[in-house]
Amino acid sequence: MLQRTGLTGDPMTPDGPELFRELAVVVSVLGERSGIGSFRLPYPYAAQRVLDRTVLHCIGRGLEPPKGLPELLEWCRSRPAADQLFGVPPTLVSPDATLVHPIGLMPTRTCLELSSDGMEHGPEGATRRLLAELAGRCGPTDRFHRSRRFLALNPMVRQGDRCRGGWSREVWSRVRDLYHPVPEYLTVGGTLLRCGTCGLPALLGGGRTPDRATAVSGPDTWCEGETCPDGVQMELIRKPGKVQLLRRPLRIFFSLPSRLEQEVLAGLAREAVDHEAVQGEVGAYRIRNAGLTAGHLYVCDWIQPALLARRLSNLTEPALVVVPEGIAGSARYRTAFTRALPDPELVALTGPDGLVVHLRGGRAFEETERKGRGQCVL
């Protein structure tokens with residue numbers, strides 16, 4: 001059952017921003033269970049409830065209401081946060097953000113981040129919970145580290161992987177319940193596409209099946225990472241029935257930023273910066289060296305800067321947040337992130353290239369704006 005978000009008034013007539021948030025929760029859940037656009041009456045309770053609330057919201061504002069859940073989900077694809085239906089302030093999410101990806105017809109990363117905002121049981125909270133359960137099963141720390149590394153490097157596991165050198169049956173026995181068969185909504189014509197950059201599921205626009213042995217990322221393709229560059233060859237998997245897919249919260253909030261995390265940890269090792277992982281968190285570390293500007297380090301890959309800032313709003317000690325280099329180079333992203341912080345003096349944002357410079361009190365990069373697919377689009 002959807003919960004109120006602290007706004008007052010009739011519980012059946014939310015305002016636009018609250019409706020957008022509730023839709024994010026529903027779209028996130030529906031996309032996980034059966035994909036977007038494959039529902040028949042009767043609708044799931046939460047979906048029916050948010051549909052009813054949307055109808056009342058429209059009637060109360062003289063707008064034409066949706067005729068059913070399929071049309072409402074289409075609105076989530078075509079109507080951005082700034083649309084008059086929602087009126088979400090740009091201080092929360094970027095004005096052009098949608099909850100359903102216009103090409104992939106899947107919940108967007110904005111949708112997953114918003115449905116995690118202030119909700120312990122959202123996708124990001126589920127990631128922490130699943131990792132904590134894994135740590136409990138593993139026992140000794142080294143077992144957990146090996147299992148954690150396996151998840152980070154293997155968002156997909158194919159049957160043939162188990163025959164290759166280095167495969168650990170012991171690790172697989174501890175993590176296999178975190179994987180599931182590839183759902184039908186991620187396959188087209190009996191094939192599965194895998195992004196050549198992030199390694200996550202991908203689709204061609206319009207539900208097309210690749211007509212060649214390979215496909216290339218571009219403006220008419222979708223991958224779960226969303227910000228991967230154009231012109232990269234995608235892998236075509238012709239037997240998706242032999243593939244196990246990591247659960248989506250772990251794919252987005254753990255596996256996706258894992259390359260950035262490894263880059264950051266390698267940089268710390270080169271500079272002999274002593275650190276330790278914070279138990280129960282994802283991408284969080286304590287810095288032990290004296291004389292550095294921050295005692296805490298967070299490695300994050302979030303689309304929406306204000307939501308990332310809200311995620312870190314409880315910080316009480318100086319911290320450094322490392323994001324992908326393309327995001328770190330966006331003045332608009334940094335500005336939105338800083339404005340959403342309760343105490344901007346406590347937190348500095350940087351890319352991996354400027355990590356050590358920032359730790360030692362320097363300036364990591366100039367104020368530049370980068371454009372193009374694969375960079376921040378806020």
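## Cavities and a small sheet

About 160 Å³ of space lies in the largest cavity, and that's a handy place to start looking around. Keep in mind that this is a predicted model. Rolling a probe the size of a water molecule over the atoms is what reveals where empty space is left.

So who surrounds that space? The lining of the largest cavity counts 15 residues, and those nearest its centre are Glu-124, Val-282, Val-299, Cys-300 and Trp-302. If you'd rather think in elements, helix H8, strand S11 (296–299) and helix H10 (305–311) each put at least two residues into this lining. By class, the lining of the largest cavity breaks down into 10 nonpolar, 1 polar and 4 charged residues.

That isn't the end of the empty space, as the structure holds 3 cavities of 30 Å³ or more. The second largest cavity has about 50 Å³ of space. Its lining includes Leu-186, Thr-187, Val-188, Arg-208 and Pro-210. Strand S3 (192–194) and strand S4 (201–204) are the elements that give two or more residues to this lining. Of the residues in the list, Leu-192 and Leu-193 line the second largest cavity, and so do Ala-202, Leu-203 and Leu-204. S4 supplies the largest share of that lining, with 3 residues. Sorted by class, the lining of the second largest cavity has 8 nonpolar, 2 polar and 1 charged residues.

Now for the sheet. In what order do its strands sit? The 3 strands run S1-S8-S2 in an open sheet, and their pairing is antiparallel. Strand S1 (156–158) and strand S2 (179–181) are at the edges with a single partner strand each, so each has one side left without a neighbour in the sheet. Ignoring direction, neighbouring strands of this sheet are turned by 30° against each other on average.

Zoom in on one of the pairings: S2 and strand S8 (residues 243–246) run antiparallel and are joined by 3 bridges. To find your way there in the viewer, look for Tyr-179, which stands opposite Leu-246 in S8.

Finally, what packs on this sheet? Helix H8 (residues 248–255) does, touching both S2 and S8. The direction of H8 makes about 60° with that of S8. This brings us back to the starting point: H8 is also one of the elements that supply at least two residues of the lining of the largest cavity.

Definitions and conventions:
Residues are numbered from 1 along each chain as its sequence is written. This is a predicted model: local features need pLDDT of at least 70, side-chain atom pairs count only at pLDDT 80 or more; totals for chains, interfaces and linings use all residues. Side-chain values use heavy atoms; hydrogens and water are left out. Two strands pair if DSSP finds at least two bridges between them. Helices (H or I, at least four residues) and strands (E, at least two) are DSSP runs, numbered from the N terminus. Axes are lines fitted to C-alpha atoms, for helices over the stretch in contact, and angles run from 0 to 180 degrees between N-to-C directions. Contact means heavy atoms within 4.5 Å. On a 1 Å grid over the protein atoms alone, a cavity is a set of points where a 1.4 Å probe fits but cannot get out, and a pocket is an open set with protein on both sides within 12 Å along at least five of seven lines; lining residues have an atom within 4 Å of a point. Grid points are joined across faces, edges and corners, and a volume is the space filled by probe spheres set on the points. Ala, Val, Leu, Ile, Met, Phe, Trp, Tyr, Cys and Pro count as nonpolar, Asp, Glu, Lys and Arg as charged, and the others, Gly among them, as polar.
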